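Trainee: Could you take me through one part of this model up close? I'd like to follow a single helix and whatever is packed around it.

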Amino acid sequence: METRHAEIERNTSETRIHIKINIDGSGIHKISTGIPFFDHMLTLFTVHGFMDLSVKAHGDIDVDFHHTVEDVGLVLGECVDKALGNRKGIKRYGYAVTPMDEALAEIAIDLSKRPFLVYNVPHTGFGGGSFDVYLAKEFFRSFSNKAGMNLHINVDYGENEHHIIESIFKSTGRALDQAVTLDPRIIGVCSTKGIL
């Protein structure tokens, strides 16, 4: 089987991002964004999604984390889209429910090339530090848009914001692993339209 991988570099006046991905990997990761909590979340996403991911980002984090988090999401989404190519043979849908202590995240993915984000996540104001659920939303918005992904993130309950965000990243990795899996029963793309 041909390896599905991509590599993209994006440089702006606010950020410099370089990402390599192999979606048929095993969870090997090398991640450095300058934001330790974000590195931790991307590591969880990678390991539980069974992809190989290298992220090197330099951004204006002396201003705040917004530009770096958003731009990593953009480039990562572009990499996923590029690695999937014409999307022939993929299952297309992925679903995962993942607990993290008292928090529970439910993620549903459709790699339809019709990007949309639903984000129902409580803000507790406890435990997330400077990387809160709103910043996480910016990442997932840019990621889903560029990946051509319909992404539904629902967290019905959770008290610690760190746990809530962690359960989301883990669950998204797991759901994406399902969605990108090749199924030999699928001839062409998984769509009655014949195109995604």
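Mentor: Here is a walk around helix H3, its ends, its neighbours and the sheet beside it.

Keep in mind that this is a predicted model. Helix H3 covers residues 133-147. A quick sanity check on its geometry: at 1.5 Å a residue, the 15 residues of H3 should span 21 Å, and the end C-alpha atoms are indeed 21 Å apart, so the two agree.

Now the ends. At the N-terminal end of H3, Asp 132 acts as the cap, with a side-chain oxygen 3.1 Å from the backbone nitrogen of Tyr 134. Past the other end, just after H3, Gly 148 has a positive phi of about 65°.

If you step back a little from the start of the helix, you're in the loop between S7 and H3, which is where Ser 130 sits. Ser 130 is exposed, because its relative accessible area of 57% is over the 50% cut-off. Beyond its neighbours within four places in sequence, Ser 130 still touches Phe 65 and Leu 135. Glu 78 is another matter: 52 residues from Ser 130 along the chain, with 26 Å between the two C-alpha atoms.

What does H3 bury? The list runs Val 133, Leu 135, Ala 136, Glu 138, Phe 139, Phe 140, Ser 142, Phe 143, Ser 144 and Ala 147. When you read the spacing in that list, remember that an α-helix has 3.6 residues a turn, so residues three or four places apart point the same way. As for what does the covering, the buried residues of H3 have helix H1 (36-49), helix H2 (66-84), strand S7 (116-120), strand S8 (150-157) and H4 among their cover.

Glu 138 deserves a stop. Glu 138 counts as buried because its relative accessible area, 18%, is under 20%. Setting aside neighbours within four places in sequence, the contacts of Glu 138 are His 66 and Glu 70.

On to the strands. H3 lies across S7 and S8, and runs at about 160° to S7. Those two strands are parallel and joined by 5 bridges; in one of the pairs, Leu 117 has Leu 151 in S8 as its bridge partner. S8 also pairs with strand S6 (residues 103-110), this time antiparallel and over 7 bridges. There, Ile 107 stands opposite Ile 153 in S8.

Put together, 4 strands make an open sheet with mixed pairing, in the order S5-S6-S8-S7. Strand S5 (93-100) and S7 are the edges, each pairing on one side only. On average, neighbouring strands of this sheet are turned by 10° against each other, direction ignored. S5 and S6 are antiparallel, with 8 bridges between them, and Thr 98 stands opposite Ala 105 in S6.

H4 packs on this sheet too, touching S5, S6, S7 and S8, and its direction makes about 150° with that of S5. Ala 175 is a handy residue to click on in helix H4 (residues 161-180). Ala 175 comes out at 0% relative accessibility, so it counts as buried. Its contacts, leaving out neighbours within four places in sequence, are Gly 94, Tyr 95, Ala 96, Ile 107 and Ile 109. Ile 107 is the residue you met above opposite Ile 153 in S8. Along the chain, Ala 175 is 14 residues from Glu 161, and their C-alpha atoms are separated by 21 Å.

H4 also meets H1: their axes come within 7 Å and cross at roughly 35°, and the crossing is right-handed. On the H1 side, the residues involved include Phe 37, Phe 38, Met 41, Leu 44 and Phe 45; on the H4 side, they include Ile 165, Phe 169, Thr 172 and Leu 176. Both H1 and H4 are among the elements covering the buried residues of H3, which brings us back to where we started.

Terms used:
Residues numbered from 1 in each chain as written. Predicted model: local features only at pLDDT ≥ 70, side-chain atom pairs only at ≥ 80, totals over all residues. Heavy atoms only, no water. Buried < 20%, exposed > 50% of the residue type's maximum accessible area, 1.4 Å probe, protein only. Contact = heavy atoms within 4.5 Å. Expected span 1.5 Å × (residues − 1). Polar contact = N/O pair within 3.5 Å; in protein donor to acceptor, adjacent residues only side chain to side chain. Pairing = 2+ DSSP bridges. Axes fitted to C-alpha atoms, helices over the stretch in contact; angles between N-to-C directions. Left-handed = near helix turned anticlockwise from the far one by under 90°.
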